[in-house]
2 protein chains.
Amino acid sequence: MNTKPLTTQEEVLALLRVEILTGALNPGQQIVQDALAEKFGVSRVPLREALKILEGEGQVAYHPHRGYFVAELSIGDLHEVYRLRALLECEAVTAAVANITERDLLTIAELAKKVRKATATGEVLAITAANRSFHFAIFELSEMPRLVRLLRQLWDATDVYRSVYFAHATNRDRILLEHDEILNALSARSVALSVRWHDTHRDNSVASVSAVIAG
Amino acid sequence: MNTKPLTTQEEVLALLRVEILTGALNPGQQIVQDALAEKFGVSRVPLREALKILEGEGQVAYHPHRGYFVAELSIGDLHEVYRLRALLECEAVTAAVANITERDLLTIAELAKKVRKATATGEVLAITAANRSFHFAIFELSEMPRLVRLLRQLWDATDVYRSVYFAHATNRDRILLEHDEILNALSARSVALSVRWHDTHRDNSVASVSAVIAG
DNA sequence: GCTAGGTAAATTGTATCCAATATCCGTGAT
DNA sequence: ATCACGGATATTGGATACAATTTACCTAGC
């Protein structure tokens, strides 16, 4: 399986996400196109197109003639995002349970295992990625592509803070347990339990993350 | 109140929306950048940046090295969009009722009147715009900007078909009545009634629109 | 007649260059 | 001392030119 050659804008987009995720670009900071383009070794055009994507996702704010700025997340924004996630993930999980097959369960169990493995290494970026794969594999089962797209946007908006969350060992341990519970609930085809555990999982997350923002 | 000079990409974005809305660009059709840029009298750069916005909104699909295509909406997509709207608008209306002031009610009544006026003229584009203003004025009262943003995306995705919907006189009459009911429910500060009427309003809409797509 | 390969045309992707705009700083007037 | 005005500078916005990729068509071979 050879990987297709990506366009420059796609590469730049991936790089930008990492920069934002790792905090190399801090929230509120202006993104100086010339400097970044040179740093990435590309011209400004693909960089700008990548920024437009992030603008659409709300990851950066755009002011005409002034430029792009990394989006800031107030404590109010954070709660709004999690409230919306609660609504939409409930829908996604409910639909997912209706569609789930034995094969899907195996796949998801496999992804849970990968989260565990990443957690063992302690690399925050790897944990974040594995965690995302796990959850979105479930959401995808809803077979509601637009719903999944909206969820991705909401997750992206808080990724920066979630990585801080993963930095704490106690959080990491709890996550693994909760993932197991989610898996159990899905195996039992229980909508109520699946949704409940997702809610718990999220509530724990928002509590820790808001502590980070407040602090 | 003088209007700021818009950047070219903003103008192009507005033009593109109209093109899609009016069906000058048909769903599924490729957007040939050179031709459109010439038609608009601009270079391809601002056109591409506008397209990237629409890509983020899901209004167009992008395939690297092949270009942008106007998004198609299957009957399944339509139902998904309306299902998501139901979830999110319920939340928005609930929050709105909690925040609404006398002043807000006057503003919304005024917007309802504008819809009525636009309906009298019969210009579909004007009706669409007025209708949007009315509904989003309500959603904005939720003071949940991200929620409003998601709703805008969902509305945009189906605007093409909604304009067909407005073309029928019977639909237009019913809309006006339903707007009045919504206004009454808001005045009474009733969450239950406000949500119920929004649901009714939407259900009538989806029924007509799906008839259009199916037919 | 049908398939495979290769070449040409069309279209998109990127880089470079120039124009337009906002911001910053200094000067002068009140 | 403070505010208003103006020009210099930095940064973004847009146009043009060129490179890369895909697609379609045509030819050769089976």
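**A tour from Gln33(B) to DNA strand C and helix H6(A)**

Select the side chains of Gln33(B) and Arg44(B): a polar contact of 3.2 Å joins them. The model is predicted.

Stay on Gln33(B), which sits in helix H2 of chain B, residues 33–40. Gln33(B) counts as buried because its relative accessibility is 12%, and buried means under 20%. Show its surroundings next: apart from neighbours within four places in sequence, Gln33(B) is in contact with Arg44(B), Leu47(B), Arg48(B), Leu51(B) and Tyr68(B).

Now display DNA strand C. A polar backbone atom of Gln33(B) lies 3.3 Å from one of its phosphate oxygens. For His65(B), select the backbone again: a polar atom there is 3.1 Å from a phosphate oxygen of strand C. On chain A, pick Gln9(A), where a polar side-chain atom is 3.0 Å from a phosphate oxygen of the strand.

Widen the selection to the 21 residues around DNA strand C; those that come nearest are Thr8(A), Ser43(A), Arg66(A), Arg44(B) and Tyr62(B). By class, this surface has seven nonpolar, nine polar and five charged residues. Elements that each supply at least two of its residues include helix H1 (8–22) of chain A and H2 of chain B. On the DNA side, 76% of the strand C atoms within 4 Å of the protein belong to sugar or phosphate, the rest to bases.

Finish at helix H6 of chain A, residues 124–140, which has 17 residues and reaches 24 Å from first C-alpha to last. Its buried residues include Ile127(A), Phe134(A), His135(A) and Phe139(A). Among the elements covering the buried residues of H6(A) are helices H4 (75–99) and H9 (191–214) of chain A.

Methods:
Residues are numbered from 1 along each chain as its sequence is written. Chains are lettered from A and ligands numbered from 1 in the order in which they are written. This is a predicted model: local features need pLDDT of at least 70, side-chain atom pairs count only at pLDDT 80 or more; totals for chains, interfaces and linings use all residues. Side-chain values use heavy atoms; hydrogens and water are left out. Helices (H or I, at least four residues) and strands (E, at least two) are DSSP runs, numbered from the N terminus. Buried means under 20% relative accessible area, exposed over 50%, partly exposed in between (1.4 Å probe, protein chains only). A polar contact is a pair of N or O atoms within 3.5 Å; within protein, one must be able to donate a hydrogen and the other to accept it, and residues adjacent in sequence count only if both atoms are side-chain atoms. Contact means heavy atoms within 4.5 Å. The expected span of a helix is 1.5 Å times one less than its number of residues. A residue is near a molecule or strand if one of its heavy atoms lies within 4 Å of it. Ala, Val, Leu, Ile, Met, Phe, Trp, Tyr, Cys and Pro count as nonpolar, Asp, Glu, Lys and Arg as charged, and the others, Gly among them, as polar.
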